[in-house]
Amino acid sequence: MEEKELRQQITETGRRLLQDGLVARTWGNVSARVDAEHFLITPSGLDYMQTKDEDLALYHPADKTWSGPHKPSSEKGIHAAAYALFPEVNFVIHTHQTYASAIGVFGFERLSLTKEEKERLGGIALAGYGLPGTGKLKKEVTAAFATGAHTVFMKHHGVVIAGASREEAYERALLLEEVCKRNCNVAEDIYSTLTGEQAKLRDDILLEIQQKYPNAAWVETDAAIRWSALHQPLVAQLDDMAQMIGRKIPWTVAHKVAVQTVFDSGRNATFVGELGAIVCGRDADDTEALKILVDKASVCALNTMLIPRKTTLGVFDSALMHLVYQQKYSKQKNG
Ligand SMILES: [Zn+2]
C-alpha cells in the first residue's frame with residue numbers, strides 16, 4: 001500500500017476511535033507499517049480531529065529516529081514491539097477503551113469468551129504494569145506479544161491491538177469491547193434511574209455551579225450514578241484518570257455549596273449525592289474527556305469492588321503522573 005493511503009488510514013482511524021468512544025482527548029495512538037524499517041505513527045499530544053495526514057511521524061525504530069513536523073507518540077515503543085515480533089502485522093492500535101481497560105485492571109483469567117472470539121482477537125495476553133512511556137511498559141508489552149497474542153491488555157492503562165490490516169485491527173478493538181462489556185459486573189439496578197425530584201435537584205445544582213464554572217457538566221451514566229450512591233471517594237485504577245483528575249475523585253453531598261467547594265479547591269471532578277458526578281474542564285473538550293474518564297473509572301471501580309486484593313494505583317505513581325500531565329498540558333496550551 002502507498003504511504004499516502006496509509007497516512008489517510010491512520011488519521012481516519014484516529015477520528016473513528018474518538019467517535020466510537022474508544023479513546024478520549026489525545027490518548028491512544030495508531031500506526032501502520034510502511035516498509036521493513038519504518039512505520040508511520042500519530043504524533044504526541046495532538047487532537048485526532050485536527051491531525052492531518054502530513055502531521056504523522058515516520059519512525060525508524062532500529063535507530064530511534066523520526067521525520068515529520070511533530071514528535072512521534074511517546075508510546076511508539078509498544079508499536080515497534082508488535083512490528084518486530086509479527087512479520088504479518090501492518091497496523092497497530094492502542095486505545096483506552098472503557099470495558100477492556102476495566103478487565104485489564106485485574107486480569108482476564110475469568111474472562112468468558114468463545115474459542116471463535118479468541119481466534120478473531122488473534123489471541124489475548126495481559127501485560128504487567130509500567131508507567132506510560134517508560135522502558136518498563138515496553139518490556140511488559142513486548143513479553144505479552146511474545147506469547148503470540150495480538151490483543152494485549154495493558155494493566156491499569158488500556159489495550160494494544162495488532163492486525164494484518166486496519167480492518168482487522170479495528171474489528172479486534174470493537175470485538176474486544178463487546179466481550180469485555182459482557183464480562184463486566186456492572187448490571188443496571190435501582191440506583192441508575194433518578195426520580196423526578198432527583199432530576200430537578202440535579203438541574204438546580206448544575207445551574208448554580210455553572211454561574212462560576214461554565215464548563216461544569218453532569219456525568220449521568222449508570223456507572224457514575226451507581227458509584228455516587230455508595231457515598232465514597234473513588235481511587236484511581238487507570239493511568240488516564242490519575243493523569244487528568246488525580247488519585248481520587250471525592251464524594252460530596254448534593255448541595256451547590258458543597259460542590260462549589262470541591263471545584264474551588266482546584267479539583268475537576270466529584271461524585272455528588274446519589275446523582276452521579278459533576279466534572280469541570282478548562283474548556284468544552286476537556287469537560288467531554290473528563291466525562292468519559294469518570295464513567296470509565298466508575299465502571300472499573302464497580303467491577304473490582306468484590307475482588308479481595310488491591311487493584312488501585314500506587315500513591316506515588318498517581319502523584320507523579322498527575323504532575324507530569326499538568327506540566328505537559330500547560331506547555332501545550334502555551335504553545
Ligand atoms: Zn495510552
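In the predicted model, strands S3 (residues 57-60) and S4 run antiparallel and are joined by three bridges. Within this pair, Tyr 59 faces Trp 66 of S4.

Both strands belong to an open sheet of eight strands. The strand order is S4-S3-S2-S1-S5-S8-S7-S6, and the pairing is mixed. Strands S4 (65-67) and S6 (124-127) form the edges. Each has a single partner strand, so one side of each lacks a neighbour in the sheet. From one strand to the next, the twist averages 20°.

Two helices that pack on the sheet are described here. Helix H1 (residues 3-19) touches strands S1 (29-33), S2 (39-41) and S5 (91-95). The direction of H1 makes about 160° with that of S1. Helix H6 (residues 166-183) also packs on the sheet, with contacts to S5, S7 (151-154) and S8 (158-163). Its direction makes about 140° with that of S8. Strand S5 is thus touched by H1 and by H6.

A zinc ion is bound through histidine side chains. Its protein donors are the NE2 atoms of His 94, His 96 and His 157, lying 2.1 Å from the ion. The donor residues follow the spacing H-x1-H-x60-H in sequence. His 94 is located in strand S5, whereas His 157 sits in the loop between S7 and S8, so this pair ties together parts that are 63 residues apart in sequence. His 94 is buried, at 1% relative accessible area. His 157 is likewise buried, with a relative accessibility of 4%; the cut-off for this class is under 20%.

How values were computed
Residues numbered from 1 in each chain as written. Predicted model: local features only at pLDDT ≥ 70, side-chain atom pairs only at ≥ 80, totals over all residues. Heavy atoms only, no water. Pairing = 2+ DSSP bridges. Helix = DSSP H or I, 4+ residues; strand = E, 2+ residues; numbered from the N terminus. Axes fitted to C-alpha atoms, helices over the stretch in contact; angles between N-to-C directions. Contact = heavy atoms within 4.5 Å. Donors = N, O, S within 2.8 Å, 3.2 Å for Na, K, Ca; no water. Buried < 20%, exposed > 50% of the residue type's maximum accessible area, 1.4 Å probe, protein only.
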